[in-house]
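Notebook open. I am going through one structure, entry by entry, and writing down what I looked up.

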Amino acid sequence: MTEPSLPDLFAYGKRTFDSLVADLRAHGIAVHPDIGIRRGDGVMSYYSIADRKIYLSVPNPQTPVGKLQTMVLASVLTAGDEGELHALFEVFLPRLIAHELAHHLRHAHGKFGSNPWEEEQVANRFARALTLRRMAPAERTRARELVERVLNGLSPRIGVKDAATMSYHDVLFALNAAGKMGDTTVQRAAVAQRMFDAETQRMLAESGDLPTAIGKQLDLRQALIADINSEYADDFLKYVYYHAGWLHLDLTGRDPEYVEALAREHLGVHANLLPLYPENEQVGEENVVAAFAASVRCKGISEPAARHLYKRYRALLWRLLREQGLLRPGDRDVLNRESAFFLESFSEGASDALKYVAHLASERVRALFPSALSARAKHLPAPDVGLLHETDARLYSHVVHFQTDLAAENTLARLTLLETSNVLSRVPAESVMALSHVLTRIVLAPGETLFWEGEESADVFLPIRGEIQLAALGHVLGVVQPGVLLGETAFFSRRPRHLTARALTPCELYVIPSTDLISFAYRHPSVLMQIGGVFARRLEDGENEAAADMEEPRTLQFVKR
């Protein structure tokens with residue numbers, strides 16, 4: 001191999017650092033004022049807790065020592081020629097810098113712990129969120145091939161087969177990426193794991209989905225983690241092997257990571273929102289009346305708030321009916337079984353299924369049904385005192401009394417998007433509020449890509465601001481405006497994306513991860529039906545467009561319905 005000649009890698013690293021810091025700030029995640037990047041003098045890069053600096057150790061091809069380091073690295077990384085070595089640096093450097101930035105964030109937020117393996121996995125997840133979205137599928141494939149070559153060269157020197165896979169932060173993800181567990185099995189296990197906060201190995205063992213061979217590998221997991229905690233940073237080859245293996249899994253994996261979600265989970269950075277509703281509320285008649293009155297008084301000021309409070313009224317009435325208001329207690333089992341239908345069979349301006357159970361109610365509860373309260377709406381008491389939960393009271397005060405409340409303002413902004421979405425408009429207020437707390441915001445600059453044609457991911461997006469251009473096979477198909485569901489085709493088909501979505505203007509979106517949406521949709525059938533409706537309309541629009549294209553080409557324009 002001839003002596004490699006590399007560009008100024010440190011300058012490239014500095015540009016990458018500046019870009020990543022700007023991306024973090026765009027997502028509302030501030031770095032410490034002292035953070036910076038300096039040239040390291042060893043073989044490994046690191047973040048220094050002492051001075052809050054990232055020390056980037058890359059060869060300087062202008063010096064004799066740098067040329068020697070370049071030759072050694074080319075050998076370690078099994079680079080076939082100068083072009084491959086350059087390509088490897090282009091893959092590794094952005095991830096490396098993002099990784100060290102994540103260590104800084106953990107340090108700055110007081111979250112940096114004493115378990116090196118755990119800190120490495122958290123930093124890898126941040127690095128994945130910050131860098132992989134920028135890579136097209138073809139670039140990922142090329143990067144994966146390069147990293148595979150590195151792994152093939154280093155694996156015999158490590159001595160433990162699949163050590164990187166079995167030490168990866170997410171065992172389900174790793175087994176799937178390694179081809180040892182199918183997509184459907186992983187998807188179902190992931191939903192159950194998230195719902196019950198289950199320990200992965202025990203859950204798989206008890207399910208019967210854990211083959212003996214995989215079970216033995218998982219038994220090695222704790223030993224591998226202990227080895228990483230004790231010495232892997234002291235062994236350069238082992239250090240490179242593990243990071244190459246973890247990167248390979250990231251490049252192979254299906255579901256992306258998101259900066260804001262990781263900040264919530266690992267930095268303790270939460271949006272300032274109103275509290276969630278408790279599961280078991282003790283409801284009185286005055287609470288039902290107050291929620292109805294609050295909805296009426298919000299109309300004309302904030303329609304999303306009025307709609308949300310009306311759905312709260314319906315939920316409270318339904319609870320009161322089931323628990324205290326039935327003429328025949330035997331009807332309770334039927335109402336419990338059919339709760340989803342009655343609570344989600346609601347559409348403004350259309351028939352409300354609730355009225356068809358009024359005959360089951362006692363006289364005092366029947367007087368709380370929509371038609372009865374509407375008839376005396378002007379004479380209902382002010383809702384300020386009777387609202388059952390702090391969230392309802394603060395939302396009402398913010399809207400009607402114009403009380404300054406940042407949490408109420410932020411919550412209302414999210415409710416406005418969710419309550420006006422065709423997909424989520426029928427979901428009960430309590431579930432919409434819960435969803436508002438797990439929404440993850442994505443920020444895109446003009447030209448940045450949200451997802452790529454051919455990408456394997458199934459998350460669904462709700463644009464908040466800006467315009468997203470859709471294209472396929474190099475042809476522009478249309479522009480998505482705020483409020484339109486985006487990405488539902490891949491969610492349903494579980495196939496690679498058939499479109500590329502790219503920001504035309506500065507954009508903000510909320511993402512609903514596919515795993516969360518699956519469990520949410522099972523609890524709320526109306527969501528699945530509405531997404532299916534959007535999917536069907538999109539297919540119909542596509543068929544109509546194809547017919548029109550036979551006569552005259554034109555561009556689709558997806559707008560908020």
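Where is Asp384 found? I looked it up first. Asp384 sits in the loop between α19 and α20. I keep in mind throughout that this is a predicted model.

**Entry: Asp384**

I checked exposure next. Asp384 is partly exposed, with a relative accessible area of 36%. Then I listed its contacts, leaving aside neighbours within four places in sequence. Asp384 touches Tyr396 and His401. With His401 I found a polar contact between the two side chains, at 2.8 Å. For Tyr396 I noted the spacing: 12 residues from Asp384 in sequence, and 8.0 Å in space from C-alpha to C-alpha.

**Entry: His389**

I stayed in that loop. His389 is also found between α19 (370-375) and α20. Is His389 buried or exposed? His389 is buried, because its relative accessible area is 15% and the cut-off for buried is under 20%.

I looked at what its side chain meets. The side chain of His389 reaches the backbone nitrogen of Thr391 at 3.0 Å. A polar atom of that side chain also lies 3.4 Å from the backbone oxygen of Leu276. I then took the contacts beyond four places in sequence. For His389 they are Pro275, Leu276, Tyr277, Pro278, Glu281 and Arg312. Leu276 therefore turns up both as a contact and as the backbone oxygen partner of the His389 side chain.

**Entry: salt bridges**

How many salt bridges does the structure hold? I get 27. I looked up three pairs.

Lys14 and Asp18 came up first in my notes. Their side chains meet in a salt bridge at 3.1 Å, N to O. Both residues belong to helix α1 (residues 9-26), and because they are four residues apart there, about one helical turn separates them. Lys14 is partly exposed at 34% relative accessible area. Asp18 is partly exposed too, at 38%.

Next I took Arg328 and Asp331. Their side chains form a salt bridge at 3.1 Å, N to O. Here I compared the two ends. Arg328 is exposed, with a relative accessible area of 52%. Asp331 is buried, at 14%.

Then I went to Arg394 and Asp405. This salt bridge is 2.9 Å, N to O. The pair links distant parts of the chain, 11 residues apart: Arg394 lies in helix α20 (residues 390-400), and Asp405 lies in the loop between α20 and α21 (406-419). Arg394 is partly exposed at 27% relative accessible area. Asp405 is buried at 10%.

I also looked for salt bridges that share partners. One network of this kind joins Asp23, Arg133, Arg134 and Glu448.

**Entry: helix α12**

Does the length of α12 agree or disagree with its residue count? I worked it through. Helix α12 covers residues 236-252, which is 17 residues. The expected span is 1.5 Å times one less than the number of residues. For α12 that gives 24 Å, and the end C-alpha atoms are 24 Å apart, so the two agree.

I checked how covered the helix is. In α12, 14 of the 17 residues are buried, so I wrote it down as mostly covered. I then went to its N-terminal end. Asp235 caps α12 there, with a side-chain oxygen 3.2 Å from the backbone nitrogen of Leu237.

**Entry: Thr500**

I moved on to strand β9 (residues 500-503), where Thr500 lies. Thr500 is buried, with a relative accessible area of 9%. What does the side chain of Thr500 reach at 2.8 Å? I found the backbone nitrogen of Glu453. Setting aside neighbours within four places in sequence, I logged the contacts of Thr500 as Thr449, Phe451, Trp452, Glu453, Gln469, Leu470 and Ala471. Glu453 is thus one of the contacts as well as the backbone nitrogen partner.

**Entry: cysteines**

How many disulfides does the structure hold? Zero. I looked up two cysteines for exposure. Cys298 is buried, at 0% relative accessibility. Cys507 is buried as well, at 0%.

Definitions and conventions
Residues are numbered from 1 along each chain as its sequence is written. This is a predicted model: local features need pLDDT of at least 70, side-chain atom pairs count only at pLDDT 80 or more; totals for chains, interfaces and linings use all residues. Side-chain values use heavy atoms; hydrogens and water are left out. Helices (H or I, at least four residues) and strands (E, at least two) are DSSP runs, numbered from the N terminus. Buried means under 20% relative accessible area, exposed over 50%, partly exposed in between (1.4 Å probe, protein chains only). A polar contact is a pair of N or O atoms within 3.5 Å; within protein, one must be able to donate a hydrogen and the other to accept it, and residues adjacent in sequence count only if both atoms are side-chain atoms. A salt bridge is a side-chain nitrogen of Lys or Arg within 4 Å of a carboxyl oxygen of Asp or Glu. Contact means heavy atoms within 4.5 Å. A disulfide is a pair of cysteine sulfur atoms within 2.5 Å.
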